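Me: Please take a close look at one part of the protein shown below. Then place that part in its surroundings, and give the cut-offs for the terms you use.

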Amino acid sequence: MSFLQLHGLTKKFAEVTAVDDLSLNVEKGEFVSLLGPSGCGKTTTLQMIAGFVDATAGSIILDGKDITFAKPNERGLGIVFQTYALFPHMTVEKNVAFGLEMRKLSGNDIAARVKEALAMAQLEKFAQRYPRELSGGQRQRVALARALVIQPPVLLLDEPLSNLDANLREEMQFELRRIQQQAGTTTIMVTHDQAEALSVSDRVVVMREGSVIQIDEPYAMYENPATPFISRFVGKTNTFPVTLTRSPQGRQFELDGHRITLPHSADTAVDDGSEALVSLRPEKILISRQGQGRFAGKVQNSFFLGNLWMYEVQTAFGLVTVSVINNHEQVYTTGEAVSLDWHEDSLKVLAAERTGDRQA
């Protein structure tokens, strides 16, 4: 039996359904991220787990115990808020000790557990500082240490890195994962940042309009998105509308005068003769000089991203985004004629979108 189980969890606010029949099993020690655009229901789900919002229907089972109607303070969960919510008048040491003092542990036990938590978060030398004297990343680690020191069965993280600048945010993703793995605490994180979710999670739950769209390991979700929405939301992609046909060689479609045969791994439940979308990640596309690939194009824009060059290439089948590792070679300029190509096993076939599906 899974350590944390959400069964048919639903929340309605008047006539609006914020979370619709959500079910999820989380194993002990697992790191799961709830990912989706604003308004998809991920924060409401976290608040129901925490007990801050009552569920309209469904149940929450923690380690075999039904906590659906338990008060927040009875659940014993660790929570890190978006703003960290540190006490400004307390030192780092006192902030971390606060939850233990509320539980009336002995002074020796508090001192030992605070020392351990500060060491885990690499905050020992900051113990006597106040939050105002810390950087954003250090304050984030204090919030984590304070949440983990009570040894909660589950750690809940509500957009914990959103207030950090881009460089520090990336650094703290790995720091967050290190601390979580060292503590071994079952963790649920809410985020709208797909890179953040992919980099730290054991599994990712993509939500949209209150419903779960796909649950998968990060690599599997990125390589095999279940819907066009996920293919766009979880990373960048190019999509081409095609009509699938079947030949002795397998499923095929036509693109810019070329017959493309899909590998068996890309086969889909889309019926022959039906419209479909082919998804192709920018890094899977090979760009070369004019005449060296199957598909002709012209560079419309180029963007230097440090480790990558990103090109927008106009082709007969639309604007295609291509990413190339910066290796000081093959730099293409705006207006240059180029060729594109790819391996067929890079193609993913998805059912064509319904009306309105293009909106995130």
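Reply: Thr 187 is part of strand 8, which covers residues 186-191; strands (E, at least two residues) and helices (H or I, at least four) are DSSP runs, numbered from the N terminus. The model is predicted, so local features are used only at pLDDT of at least 70 and side-chain atom pairs only at pLDDT 80 or more, while totals for chains, interfaces and linings use all residues. Residues are numbered from 1 along each chain as its sequence is written, and side-chain values use heavy atoms, with hydrogens and water left out.

The relative accessible area of Thr 187 is 0%, so this residue counts as buried (under 20% relative accessible area is buried, over 50% exposed, in between partly exposed; 1.4 Å probe, protein chains only). Leaving aside residues up to four places away in sequence, Thr 187 touches Glu 30, Phe 31, Val 32, Leu 155, Leu 157 and Gln 180, where a contact means heavy atoms within 4.5 Å.

Two of these neighbours lead further. Leu 157 is also touched by Leu 46, which in addition reaches Leu 156, Asp 158, Ile 188 and Val 190, again not counting residues up to four places away. Leu 46 sits in helix 1 (residues 42-50), and with a relative accessible area of 5% it is buried. Its C-alpha lies 14 Å from that of Gly 76, a residue 30 places away in sequence.

Glu 30, the other neighbour, pairs with Arg 203 in a salt bridge whose closest N and O atoms are 2.5 Å apart; the rule asks for a side-chain nitrogen of Lys or Arg within 4 Å of a carboxyl oxygen of Asp or Glu. Arg 203 belongs to strand 9 (residues 203-208) and Glu 30 to the loop between strand 2 (16-26) and strand 3 (31-35), so the pair ties together parts that are 173 residues apart in sequence. Glu 30 and Arg 203 are buried.

The structure holds ten salt bridges. Another one joins Glu 196 and Arg 169, with 2.9 Å between the closest N and O atoms. Here the linked parts are helix 7 (residues 194-200), which holds Glu 196, and helix 6 (residues 166-183), which holds Arg 169; the two residues are 27 apart in sequence. Glu 196 and Arg 169 are both buried. A further salt bridge, at 2.8 Å from N to O, is formed by the side chains of Asp 341 and Arg 294. Asp 341 lies in strand 20 (residues 337-342) and Arg 294 in the loop between strand 16 (285-289) and strand 17 (295-304), with 47 residues separating them in sequence. Arg 294 has a relative accessible area of 28% and so is partly exposed. Through shared partners, salt bridges also join Arg 169, Asp 193 and Glu 196 into one network.

As for the wider layout, the domain assignment, which is automatic or from a database, gives domain 1 (4-229) and domain 2 (236-351). Seven residues from domain 1 and seven from domain 2 make the contact. The C-alpha centres of the domains are 38 Å apart. Between them the domains bury about 680 Å², 50% of it on carbon and sulfur atoms; buried area is the accessible area (1.4 Å probe) that two parts lose on being put together, summed over both. On the side of domain 1, Tyr 222, Glu 223 and Pro 228 lose the most area to domain 2, together 71% of what that side buries.

The rule finds one salt bridge across this interface. Glu 223 forms a salt bridge with Lys 284, the closest N and O atoms being 3.1 Å apart.

For the whole protein chain, the count is nine helices and 21 strands. Buried residues make up 51% of its 360 residues. Of the contacts with a separation of 6 or more, 68% are between residues 24 or more positions apart. Taken along the principal axes, the C-alpha atoms fill a box of roughly 75 × 50 × 35 Å.
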